[in-house]
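Here is a short tour of one chain, written to be read with the sequence and the model side by side. Take a moment to look it over, and then we can start with a single residue.

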Amino acid sequence: MISHRNIWNAIDALAERKGLSVSALARLAGLDPTSFNPSKRTSKDGRERWPSTESLAKILDATNEDMDGFLIGGGVYTQPDIHEHPIPLLGFAQAGAGGFFDSGGFPVGQGWDEVHFPVGPDANAYALEVSGDSMLPLYRDGDVIIVSPTEQVRRGDRVVVRTQDGEVMAKILHRQTANQVELHSINPEHEPRIIKTIDLDWIARILWASQ
């Protein structure tokens, strides 16, 4: 949880990184030089005070600092240790063939390649490489889509869908009921699709795509 002390520490740390006093940092941002003085950090009755959001925005702008760097620099939180891991990669055209997915949409079998990607909390993610122009203008030939079979899908999500007939497509989930799924096309030249639940093999959320 972010505390008063965290934020003031972050301001002090930002000033130090830029080789400035807190008064000079305030002046650089066009603020009163006393804006960040110790006397401004508590009220007369001893209660802790927050710096204004406007003053924070001004010092970030003046120092070309983003909020993540500001908070990390002040020890509010630490940069997560992210390592790139190999995840399964399959050509989009191959995804319609049998033997590459189980009934839940998880990758199985042989024939998968690998791509390195900083995997987050979903270790079951896999990648599909786009081929052709059917998903223009959003996804182009050669783009790689990172897909999760475990993430909950909601209306408006970009998803990959596989039918029982082996058709695989990237769509936007417009509506889902117990009986059918309504999908809108990424390419405006393609009409929306309505697929009965009984004809649906699996649906997985698109987490990220190279562009």
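## An exposed asparagine

Let us begin at Asn64, which is exposed, with a relative accessible area of 73%. The cut-off for exposed is over 50%, so Asn64 qualifies on its 73%. Please keep in mind that this is a predicted model.

Where along the chain does Asn64 lie? Asn64 belongs to the loop between α3 and α4, the latter covering 67-73. Its backbone deserves a look too: Asn64 is not a glycine, and yet its phi is positive, at about 55°. This positive phi comes just after α3, which makes that helix a natural next stop.

## The two sides of α3

Which residues of α3 are buried? They are Ser55, Leu56, Ile59, Leu60 and Thr63. Viewed down the axis of α3, the buried residues fall within an arc of 135°, so they line one face of the helix. A general point helps here: an α-helix has 3.6 residues a turn, so residues three or four places apart point the same way.

Turn to the other side of α3 and you will find Thr53, Glu54 and Asp61, which are exposed.

## How α1 meets α3

Two packed helices are described by the angle between their axes and the distance between the axes. For helix α1 (residues 4-17) and helix α3 (residues 53-63), the axes come within 12 Å and cross at roughly 25°. That makes α1 roughly parallel to α3, because angles under 35 degrees count as roughly parallel. The crossing of the pair α1 and α3 is left-handed.

Which residues bring the two helices together? From α1 come Ile7, Ile11 and Leu14, and they meet Leu56, Ile59 and Thr63 of α3. Sorted by class, the contact of α1 with α3 has 5 nonpolar residues, 1 polar residue and no charged ones. Leu56, Ile59 and Thr63 also appear among the buried residues of α3.

## Two buried residues elsewhere

Ala24 sits in helix α2 (residues 22-28). Is Ala24 buried or exposed? With 18% relative accessibility, Ala24 counts as buried, since the cut-off is under 20%. In space, Ala24 and Thr34 are 9.4 Å apart from C-alpha to C-alpha, and in sequence they are 10 residues apart.

Leu128, in strand β3 (residues 126-129), has 0% relative accessibility and therefore counts as buried. Leaving aside residues up to four places away in sequence, Leu128 touches Leu89, Leu90, Phe92, Ala95, Phe101, Asp143, Val144, Ile145, Val147 and Val160. One of these neighbours, Asp143, is 15 residues from Leu128 in sequence, with 8.4 Å between their C-alpha atoms.

## The chain as a whole

Stepping back, how many helices and strands does the chain have? There are 4 helices and 9 strands. From the N terminus on, the elements run α-α-α-α-β-β-β-β-β-β-β-β-β.

Of the 211 residues in the chain, 37% are buried. Finally, consider contacts between residues at least 6 apart in sequence: 56% of them join residues at least 24 apart.

Note on methods:
Residues numbered from 1 in each chain as written. Predicted model: local features only at pLDDT ≥ 70, side-chain atom pairs only at ≥ 80, totals over all residues. Heavy atoms only, no water. Axes fitted to C-alpha atoms, helices over the stretch in contact; angles between N-to-C directions. Parallel < 35°, antiparallel > 145°, perpendicular 65-115°, else oblique. Left-handed = near helix turned anticlockwise from the far one by under 90°. Contact = heavy atoms within 4.5 Å. Nonpolar A, V, L, I, M, F, W, Y, C, P; charged D, E, K, R; others polar. Buried < 20%, exposed > 50% of the residue type's maximum accessible area, 1.4 Å probe, protein only. Arc of directions from axis to C-beta.
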